[in-house]
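Welcome! Take a look at the model below, then work through the exercises one step at a time.

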Amino acid sequence: MALTAGDVERFEVGRPRLEAIAYRMLGSAAEAEDAVQETFLRWQAADQDRIEVLEAWLTKVLTNLCLNQLTSARARREVYVGQWLPEPLLAGDPMLGPADTAEQRESVSYAVLTLMERLTPNERAVYVLREAFDYPHREIAGILDITEATSQQIFHRARQHVAEGRARTEIDEVAARRIVEEFLAAATSGRTEPLVRLLTGDAVSIGDGGGKVPARAKVVEGALAVAKFVRGLFTPGEAKRAAAGGAPEIYVSTANGEPAVVAVVAGQVVGVMCLEVTAGGIAALRNQVNPDKLERATARWAADSHGKPVFHAFE
């Protein structure tokens with residue numbers, strides 16, 4: 001049955017919610033967009049008269065598409081070059097979805113998206129639908145074809161896995177900017193001591209270059225090791241300028257609701273470093289430099305104004 005203009009409009013109204021669900025499940029904006037578009041095509045081909053509640057039907061189709069994608073993604077990530085990190089979303093991106101509660105904001109943080117990689121596909125689906133979108137377990141059970149009790153058990157298990165990996169800390173925009181500024185000042189001081197003071201003792205640094213640009217293949221662990229690595233990262237050098245395509249402009253920003261450093265060359269985002277901040281200091285630096293995962297960030301960056309950069313790196 002052909003869709004009317006009104007049908008298409010109904011879908012478009014719900015697209016941001018669907019994309020936000022898919023992004024949390026997949027950790028990739030590009031894959032989320034593809035999953036939502038496939039959901040639209042399946043709806044277009046479906047018998048409209050047999051769909052009782054459109055939102056529920058679309059969510060079920062989308063979730064199952066994401067589950068299939070997660071299963072194949074696990075195999076792809078086994079051969080991924082270096083460390084794998086999610087695709088970052090800059091402040092204001094509609095794909096970030098609802099942010100009314102602490103749980104919703106946390107569910108899309110870069111730290112939690114990374115931690116969700118340890119969950120099974122079903123655990124990830126239940127966690128996202130319940131924690132970020134407040135779906136009742138009865139509806140989640142219908143979406144996943146499981147019992148309500150099983151949904152509750154899966155959610156409890158998923159929440160525990162995520163909680164074991166981090167300590168929740170809410171950071172407002174002003175505090176986030178101050179933290180990033182302090183971090184950048186320490187990183188460019190030429191000394192490790194100021195950085196060590198900002199880091200937790202068990203801090204880690206993770207970089208994702210996807211084999212496209214240089215990034216350390218192994219996780220850097222421990223405050224002193226991370227401080228030395230970051231000091232070297234911001235040390236000027238011709239080879240670094242060549243690899244980045246110029247001297248990156250360094251900005252203070254937020255990504256996925258977390259304090260972030262954004263590096264830009266000629267209007268193109270070439271790096272987004274998210275800082276996971278806890279009460280004890282910066283616990284993790286997650287640096288996304290894979291150009292395939294920065295296309296949406298570049299488009300978002302071009303749509304907003306950002307003022308002057310803090311400095312130009314590698315000069």
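Two strands pair if DSSP finds at least two bridges between them, and helices (H or I, at least four residues) and strands (E, at least two) are DSSP runs, numbered from the N terminus. The model is predicted: local features need pLDDT of at least 70, side-chain atom pairs count only at pLDDT 80 or more, and totals for chains, interfaces and linings use all residues. Residues are numbered from 1 along each chain as its sequence is written, and side-chain values use heavy atoms, with hydrogens and water left out.

**Exercise 1. Find the neighbours of strand β6 (residues 281–288).**

Step 1. Begin with β5 (residues 268–278), which pairs with β6 in the antiparallel sense over 7 bridges. These two strands form a hairpin, with 2 residues between them. To check the pairing, look for E276, whose bridge partner in β6 is A284.

Step 2. Now turn to β1 (residues 199–208), which pairs with β6 in the parallel sense over 6 bridges. Here D208 has Q288 of β6 as its bridge partner.

Step 3. Finally, ask how covered β6 is: 8 of its 8 residues are buried (buried means under 20% relative accessible area, exposed over 50%, partly exposed in between, with a 1.4 Å probe and protein chains only).

**Exercise 2. Trace the whole sheet and name its edge strands.**

Step 1. Follow the order β2-β1-β6-β5-β4-β3-β7: these 7 strands form an open sheet with mixed pairing.

Step 2. Stop at the edges, β2 (220–221) and β7 (311–312), each of which pairs on one side only. The partner of β7 is β3 (residues 249–255), in the antiparallel sense over 2 bridges, and E249 stands opposite H312.

Step 3. Add the helices. Helix α9 (residues 173–187) lies across β3, β4 (258–265), β5, β6 and β7, at about 145° to β3. Helix α11 (residues 223–233) lies across β1, β2, β5 and β6, at about 45° to β1. Contact means heavy atoms within 4.5 Å; axes are lines fitted to C-alpha atoms, for helices over the stretch in contact, and angles run from 0 to 180 degrees between N-to-C directions.

**Exercise 3. Describe how α6 and α7 pack.**

Step 1. Locate α6 (residues 121–132) and α7 (residues 137–144); they pack at about 145°, with their axes 10 Å apart.

Step 2. List the residues that meet: N122, A125, V126, L129 and R130 in α6, and H137, I140, I143 and L144 in α7.
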